[in-house]
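Let's take a walk through this one together, moving from a helix to the ligands and then to the loops beside them. Have the viewer open and follow along.

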Amino acid sequence: MKLLEGNTVLVTGASTGIGRAAAIGAAQHGADVAINYANSDRSAASCVAEIEALGQRAITVKGDVADPQTAQDFVARAVEAFGKVDVKVSNAGICPFHAFLDMPADVVERTFKVNLHGAYFMVQGAAQQMVKQGHGGSIVAVSSISALVGGEYQTHYTLTKAGVHSLMQSTAIALGKHGIRCNSVLPGTILTEINKDDLADVEKREYMEKRVPLGRLGASEDLAGPIVFLASDMAAYVTGAALRVDGGMYVNLQ
Ligand SMILES: NC(=O)C1=CN([C@@H]2O[C@H](COP(=O)(O)OP(=O)(O)OC[C@H]3O[C@@H](n4cnc5c(N)ncnc54)[C@H](OP(=O)(O)O)[C@@H]3O)[C@@H](O)[C@H]2O)C=CC1
Ligand SMILES: C[C@H](O)[C@@H]1OC(=O)[C@H](O)[C@@H]1O
């Protein structure tokens, strides 16, 4: 069964990793997809090629999510290409690992701007279009289990993921009357570009693997199903919810 037949799905940060898997997962479920990204032109082009090979349409809209204008441009380009916005996946994010006591201010500010301001303006831009269309919609934000637990080298990052989780709760209330659902996924440790250097440390990687009851770190594709589900009418009565996708890592105390 195709869960997003005829839908237009917008995904931020879809050149690589979780966003790319979500974009391809949406296309596998019958959606046309607009993908945003910041730098990786070739990866974005190959994501479009994969979606087109599935028989769906795709466009790329390059832009920095930290700039509020990018959200307006992204929606406008998607509407120009596909006529509407049904689903928005707010996924773009960065996590430059760094110790707390000497954390440079510019790293903190950039992380806040990309992860938090970026999500805020992307969700707002999509919601404005959905309200104008008048037939509801679904917004899924990629938060993290880091919204619930800390990280020694992520003091500037974890609070942005808590913020994204909170944004979905508040927008679920603000947008419910328009038939727009807002939910978040909370991935555990997923092997992507964002943590390639951090997990190159074999000891750390093995420690993280051992913390996962399902016995392995996640792959980007592990997020595709949960995101498609929340985006789709299968989740028609789900809003303001947060779905952990972490192989059980969060609950594993001992
Ligand atoms: N991997 C993990 O363990 C976890 C990841 N997450 C979250 O998942 C999301 C995706 O990360 P992940 O797939 O792991 O990492 P990747 O580094 O593989 O993907 C990040 C994506 O975001 C894009 N991006 C980065 N900065 C910007 C920007 N300023 N404007 C627009 N796009 C941008 C990148 O584009 P480009 O390459 O073109 O710069 C890329 O497409 C993030 O929000 C992250 O916090 C949450 C929990 C766990
Ligand atoms: C990038 C990290 O490996 C990853 O990011 C998160 O949000 C997870 O909690 C992991 O720490």
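The buried residues of α3 have plenty over them: what covers them includes the strands β1 (8-11), β2 (32-37), β3 (58-62) and β4 (87-90), along with the helix α4 (105-133). Keep in mind that this is a predicted model. Which residues of α3 are buried? They are Thr70, Ala71, Phe74, Val75, Ala78 and Phe82. These residues take up an arc of only 130 degrees around the axis, so they sit on the same side of α3.

The helix itself runs over residues 68-82, which makes 15 residues. From first C-alpha to last, α3 reaches 22 Å, close to the 21 Å expected at 1.5 Å a residue. Have a look at its two ends as well. At the N-terminal end, Asp67 acts as a cap, with a side-chain oxygen 3.0 Å from the backbone nitrogen of Gln69. Past the other end comes Gly83, whose phi is positive, near 90 degrees.

Now for the ligands, starting with ligand 1. It has 33 residues around it, and the closest are Asn39, Ser40, Asn91, Tyr157 and Thr192. Some polar contacts are worth zooming in on. The side chain of Thr16 has an N or O atom 2.9 Å from an oxygen atom of ligand 1. With Ile18 it is a backbone N or O atom that lies 2.8 Å from an oxygen atom of the ligand, and a backbone N or O atom of Ala38 lies 3.1 Å from an oxygen atom of ligand 1. How much of ligand 1 does the protein cover? On its own the ligand has 900 Å² of accessible area, and the protein covers 93% of that. The elements giving two or more residues to this shell are α1 (17-28), β2 and α4; β2 and α4 are also among the elements that cover the buried residues of α3.

Swing over to ligand 2. The residues around it are Phe97, Ser144, Ile145, Ser146, Gln154, Tyr157, Gly188, Thr189, Ile194 and Asn195. Tyr157 should ring a bell, being one of the closest residues to ligand 1. Two serines offer polar side-chain atoms here: one from Ser144 lies 2.5 Å from an oxygen atom of ligand 2, and one from Ser146 lies 2.5 Å from an oxygen atom of the ligand. Asn195 joins in with a polar side-chain atom 3.0 Å from an oxygen atom of ligand 2. Taken alone, ligand 2 exposes 300 Å², and the protein buries 89% of that.

Two residues around ligand 2 deserve a second look. Where does Ser144 sit? In the loop between β5 (137-142) and α5 (158-176). Ser144 counts as buried because its relative accessibility is 5%, under the 20% cut-off. Leaving aside neighbours within four places in sequence, Ser144 is in contact with Tyr157, Lys161, Val185, Leu186 and Pro187. A polar atom of the Ser144 side chain also lies 2.7 Å from the backbone nitrogen of Ser146.

The other residue is Thr189, found in the loop between β6 (180-187) and α6 (202-210). Thr189 is buried too, with a relative accessible area of 16%. Not counting residues up to four places away in sequence, Thr189 touches Asn195, Leu199, Met208, Leu217, Gly218 and Met249. Ser144 and Thr189 are 45 residues apart along the chain, with 8.8 Å between their C-alpha atoms.

Methods: Residues numbered from 1 in each chain as written. Chains lettered and ligands numbered in written order. Predicted model: local features only at pLDDT ≥ 70, side-chain atom pairs only at ≥ 80, totals over all residues. Heavy atoms only, no water. Helix = DSSP H or I, 4+ residues; strand = E, 2+ residues; numbered from the N terminus. Expected span 1.5 Å × (residues − 1). Buried < 20%, exposed > 50% of the residue type's maximum accessible area, 1.4 Å probe, protein only. Arc of directions from axis to C-beta. Contact = heavy atoms within 4.5 Å. Polar contact = N/O pair within 3.5 Å; in protein donor to acceptor, adjacent residues only side chain to side chain. Near = heavy atom within 4 Å. Areas by Shrake-Rupley, 256 points an atom, 1.4 Å probe, with all protein chains shown as cover.
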